[in-house]
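I opened this model at the bench to see how its inside is put together. My notes are kept in the order in which I looked things up.

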Amino acid sequence: MQGKTGERGGRERRYWLFKSEPSTFSFDDLKGRPERTEHWDGVRNFQARNYLRQEIQVGDRLLFYHSSIPEPVIVGIAEVVRGGYPDWTSWDPESGHFDPRSTEAKPLWYMVDVRYLRPFPRPVTRSELKAIPELAGMVLLKKSRLSIQPVSEAEWRVILRLGGIEEG
DNA sequence: GCCAACGTTGGC
DNA sequence: GCCAACGTTGGC
C-alpha cells in the first residue's frame with residue numbers, strides 16, 4: 001500500500017512558512033535543541049491545523065519567520081522530520097495549550113516535528129519582501145495572521161536567493 | 001499602544 | 001445558518 005502516513009510516496013517537496021514570536025520560540029531555540037528536532041505544538045487555528053494534519057510531510061521545508069517584533073523577518077530554513085500527528089498538549093491540562101474539546105480518542109489539534117537546517121546569511125525582512133514584485137501574492141503579505149502557510153516553489157527560490165542561500 | 005483584519009462563539 | 005459581538009494577532 002502506498003501513501004502511508006509519514007511517507008513521501010514520490011510526492012514533490014513542498015514549501016511552507018512557519019511563524020513564531022521569538023520571545024516564545026526562536027530560530028536559535030530550534031538550533032539549540034540537542035537532537036535538533038522539535039514538536040511544533042500549540043497551533044490552535046483550523047486552517048493551520050489542516051495543513052499540519054494532512055499537507056505537511058516529511059522532507060518538506062520551511063521558512064522560519066519571526067513575528068510581533070519591530071522588524072519582522074525570515075531568519076532561516078528548517079525541515080519537516082515527522083508529518084502530522086495529534087498535538088497531545090491539547091489534552092494535557094497542565095500545558096498552556098489545553099483544549100477540553102480535544103481527547104486522545106478524538107484529537108482536535110495536530111503538530112509536526114521540525115529540524116533546524118541553516119540560517120540566512122542575510123535575514124530577509126518583511127519590508128524587503130513587500131518590495132519584490134514576484135512576492136506580491138505571498139500568503140504572508142495577504143493573510144498576515146495565518147501562522148502556518150504554504151509557499152510556492154518560485155517564492156521559495158526568490159527568498160532563498162535574497163537570504164544569501166544558493167541552493168536550498 | 002493602536003487598531004485593522006480576521007477567526008470564533010453563541011443567540012436567535 | 002446568519003450575523004453581531006467579542007477576542008486575538010501582529011504590523012506599524
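The entries below go from the pocket to the cores, the rings and then single residues.

**Entry 1: the model**

I am working from a predicted model, not an experimental one.

**Entry 2: the largest pocket**

I started with the largest pocket, which holds about 440 Å³ of space. I listed its lining and got 16 residues. K19, S20, T24, W40 and D41 lie nearest the centre of the pocket. What classes make up the lining of the largest pocket? I noted 8 polar, 5 charged and 3 nonpolar residues. I then looked up the strands behind this lining. β1, at 15-20, and β2, at 37-39, each supply at least two of its residues.

**Entry 3: the nonpolar cores**

Next I looked up the largest nonpolar core and found 23 residues in it. F18, L30, W40, L52, I56, V112 and I148 have the most contacts inside this core. Which elements give it two or more residues? I wrote down the strands β1, β3 (61-66), β4 (73-86) and β5 (110-125). The helices on the list are α1 (27-32) and α2 (46-55). Another core lies apart from this one. It has 20 residues, including Y15, I77, W156 and L160. I kept a general point beside this entry: nonpolar side chains tend to be buried together in soluble globular proteins.

I followed V112 from the largest core. Leaving out residues up to four places away in sequence, V112 touches F18, W40, L52 and I56, among others. Its contacts also include E38, H39, V80, R82, G83, G84 and Y85.

**Entry 4: the aromatic pairs**

I searched for ring pairs and found 9 in the structure. The pair of F27 and F64 has ring centres 5.1 Å apart. The planes of F27 and F64 meet at 55°, so I logged the pair as tilted. F27 belongs to helix α1 and F64 to strand β3, so this pair ties together parts 37 residues apart in sequence. Both residues, F27 and F64, are buried.

F27 also pairs with Y116. This pair is tilted too, at 4.9 Å centre to centre and 40° between the planes. It links helix α1, which holds F27, to strand β5, which holds Y116, across 89 residues. Are F27 and Y116 buried or exposed? F27 has 4% relative accessibility, so it counts as buried. Y116 is at 5%, so it is buried as well.

I traced the ring pairs further. They link F18, F25, F27, W40, F64 and Y116 into a cluster.

**Entry 5: H39**

I went back to strand β2, where H39 sits. H39 has 33% relative accessibility, so I count it as partly exposed. Beyond four places in sequence, H39 touches Y85, W88, M111, V112 and D113. I also checked H39 against K106, 67 residues apart along the chain. Their C-alpha atoms are separated by 19 Å.

**Entry 6: I77**

I77 lies in strand β4 and belongs to the core of 20 residues. I77 counts as buried because its relative accessibility is 2%. Outside four places in sequence, its contacts include F27, Y116, W156 and L160. L62, L63, L117, R118, F120 and I165 are also in contact with I77. W16 is 61 residues from I77 along the chain, and their C-alpha atoms are 9.8 Å apart.

**Entry 7: helix α5**

I turned to helix α5, residues 153-163. Which residues of α5 are buried? I listed E155, W156, V158, I159, L160, L162 and G163. These buried residues pack against β1, β3, β4, β5, α3 (126-130) and β6 (148-151).

I picked V158 out of this helix. V158 has a relative accessible area of 11%, so it is buried. Neighbours within four places aside, V158 is in contact with I132 and L135. The C-alpha atoms of V158 and E134 are 8.0 Å apart, with their positions 24 residues apart in the chain.

**Entry 8: positive phi**

Last, I looked at backbone angles. Most residues other than glycine have a negative phi. S68 is not a glycine, yet I found a positive phi of about 55° for it. S68 is in the loop between β3 and β4. At 59% relative accessibility, S68 counts as exposed. I also noted G164, just after α5, with a positive phi of about 90°.

Methods. Residues are numbered from 1 along each chain as its sequence is written. Chains are lettered from A and ligands numbered from 1 in the order in which they are written. This is a predicted model: local features need pLDDT of at least 70, side-chain atom pairs count only at pLDDT 80 or more; totals for chains, interfaces and linings use all residues. Side-chain values use heavy atoms; hydrogens and water are left out. On a 1 Å grid over the protein atoms alone, a cavity is a set of points where a 1.4 Å probe fits but cannot get out, and a pocket is an open set with protein on both sides within 12 Å along at least five of seven lines; lining residues have an atom within 4 Å of a point. Grid points are joined across faces, edges and corners, and a volume is the space filled by probe spheres set on the points. Helices (H or I, at least four residues) and strands (E, at least two) are DSSP runs, numbered from the N terminus. Ala, Val, Leu, Ile, Met, Phe, Trp, Tyr, Cys and Pro count as nonpolar, Asp, Glu, Lys and Arg as charged, and the others, Gly among them, as polar. A nonpolar core is a set of buried Ala, Val, Leu, Ile, Met, Phe, Trp, Tyr and Cys residues joined through side-chain atoms within 4.5 Å. Buried means under 20% relative accessible area, exposed over 50%, partly exposed in between (1.4 Å probe, protein chains only). Contact means heavy atoms within 4.5 Å. Rings of Phe, Tyr and Trp (its six-membered ring) pair if their centres lie within 6.5 Å; planes under 30 degrees apart count as stacked, over 60 as edge-to-face and the rest as tilted.
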